[in-house]
Amino acid sequence: MQIIHDKSQLKEIVNSYKKSGTAIAFAPTMGALHKGHLSLTKIARSKAQKVFVSIFVNPLQFGANEDFDRYPRDIEKDSQMLAAEGVDYLYFPTAQNMYPDGFSTNISLGEITKILCGKFRVGHFDGVATVVAKLLNQVTPDYAIFGEKDYQQLCVIKKLVKELDIETQIIGAPIIREQDGLAMSSRNQYLSADERKTAAKLYAVLNDTKTAILAGSDINNSLSAARERLIKSGFDKIDYIELRYNDSLLPATSHENTRLIAALWLGKTRLIDNLEV
Ligand code: AMP
């Protein structure tokens with residue numbers, strides 16, 4: 001696996017593949033890799049001859065009081081994992097390379113970025129959209145794989161490529177979970193042993209709420225019951241738990257084409273998860 005730091009070197013490599021008609025699949029990440037990330041590289045491998053992964057902890061998508069400084073970083077371990085997975089190129093740009101002095105572009109996609117997580121992490125999806133637009137312009141992949149774990153992010157990125165005429169096919173990848181159901185996340189490393197036990201209850205509550213809604217229980221009552229159970233289970237704060245339509249992410253009044261989607265806190269750790277209904 002070749003590691004690329006510089007975007008002009010990346011461009012040279014990408015251009016040679018374009019000339020020979022070699023398809024490229026790409027999975028952007030922030031590193032601290034786990035099996036969830038590796039599942040994206042497996043899908044990438046099934047789609048194209050050459051697989052590119054990027055690791056970039058994007059400062060633009062973190063709020064002032066968020067965890068940018070303490071976000072886990074382990075480039076040695078990450079590159080070993082990617083090489084073992086058969087990834088062809090790891091793109092690992094510096095912040096200076098991505099955002100040279102004077103950089104001031106901000107990509108904002110409107111309402112879809114202001115609801116759910118966007119309400120609690122103001123500006124987060126602008127940062128995501130801006131870095132993903134840059135990465136897709138740099139790598140110009142035929143396919144880019146994003147996890148359904150960050151479901152709202154996936155919706156934002158699909159809208160981004162559609163509205164900016166970016167010719168990359170966006171592929172959503174299923175959520176990879178621990179044995180007890182907790183969705184894998186780099187941020188799970190922050191959890192204490194007790195918090196880690198509590199964390200698994202989120203998936204159980206999502207599943208039970210789904211079952212209740214499918215059995216005909218009132219949606220609002222089911223969501224209220226879920227909130228109550230999560231707090232009783234030991235979660236400290238619920239940013240939201242909602243039933244939303246799959247594509248628009250607007251509040252759902254019946255269960256067809258919907259998803260339960262949640263964000264909540266255990267101590268200083270914010271967890272997100274979702275489940276198709
Ligand atoms: P991150 O490094 O957290 O920015 O995630 C990079 C990509 O991996 C995003 O597209 C995430 O949605 C995806 N991802 C993270 N965790 C999981 C998971 N447990 N299952 C599937 N995809 C995931």
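**Exercise 1. Work out how the ligand is held by polar contacts and how much of it is covered.**

Start with Asp150: one of its polar side-chain atoms sits 2.6 Å from an oxygen atom of the ligand. That counts as a polar contact, meaning a pair of N or O atoms within 3.5 Å. Keep in mind that this is a predicted model, where local features need pLDDT of at least 70, side-chain atom pairs count only at pLDDT 80 or more, and totals for chains, interfaces and linings use all residues. Residues are numbered from 1 along each chain as its sequence is written, and side-chain values use heavy atoms, with hydrogens and water left out.

Next, go to the backbone. A polar backbone atom of Gly147 is 2.8 Å from an oxygen atom of the ligand, and a backbone N or O atom of Met184 is 2.9 Å from a ligand nitrogen. Now the cover: on its own the ligand has 490 Å² of accessible area (Shrake-Rupley method, 1.4 Å probe), and the protein covers 93% of that.

**Exercise 2. Describe the shell around the ligand.**

First, count: 17 residues surround the ligand, each with a heavy atom within 4 Å of it. His37, Gly147, Asp150, Ile176 and Met184 are the closest.

Second, sort by class. You get nine nonpolar, six polar and two charged residues; here Asp, Glu, Lys and Arg count as charged, Ala, Val, Leu, Ile, Met, Phe, Trp, Tyr, Cys and Pro as nonpolar, and the others, Gly among them, as polar.

Third, find the main contributor. That's α2, with three residues, the largest share of the shell. Helices are DSSP runs of H or I with at least four residues, and strands are runs of E with at least two, numbered from the N terminus.

**Exercise 3. Find the largest cavity's walls.**

Begin with size: the largest cavity has a volume of about 40 Å³. A cavity is a set of points on a 1 Å grid, over the protein atoms alone, where a 1.4 Å probe fits but cannot get out, and lining residues have an atom within 4 Å of a point. The volume is the space filled by probe spheres set on the points, which are joined across faces, edges and corners.

Then read off the lining: Lys149, Leu182, Ala183, Ser185, Asn188, Leu202, Leu271, Ile272 and Asp273. Strand β9 (residues 269-276) gives the most, with three residues. Finally, by class, the lining splits into five nonpolar, two polar and two charged residues.

Notes
Polar contact = N/O pair within 3.5 Å; in protein donor to acceptor, adjacent residues only side chain to side chain. 1 Å grid on protein atoms, 1.4 Å probe; cavity = no way out; pocket = protein on both sides within 12 Å on 5 of 7 lines; lining within 4 Å.
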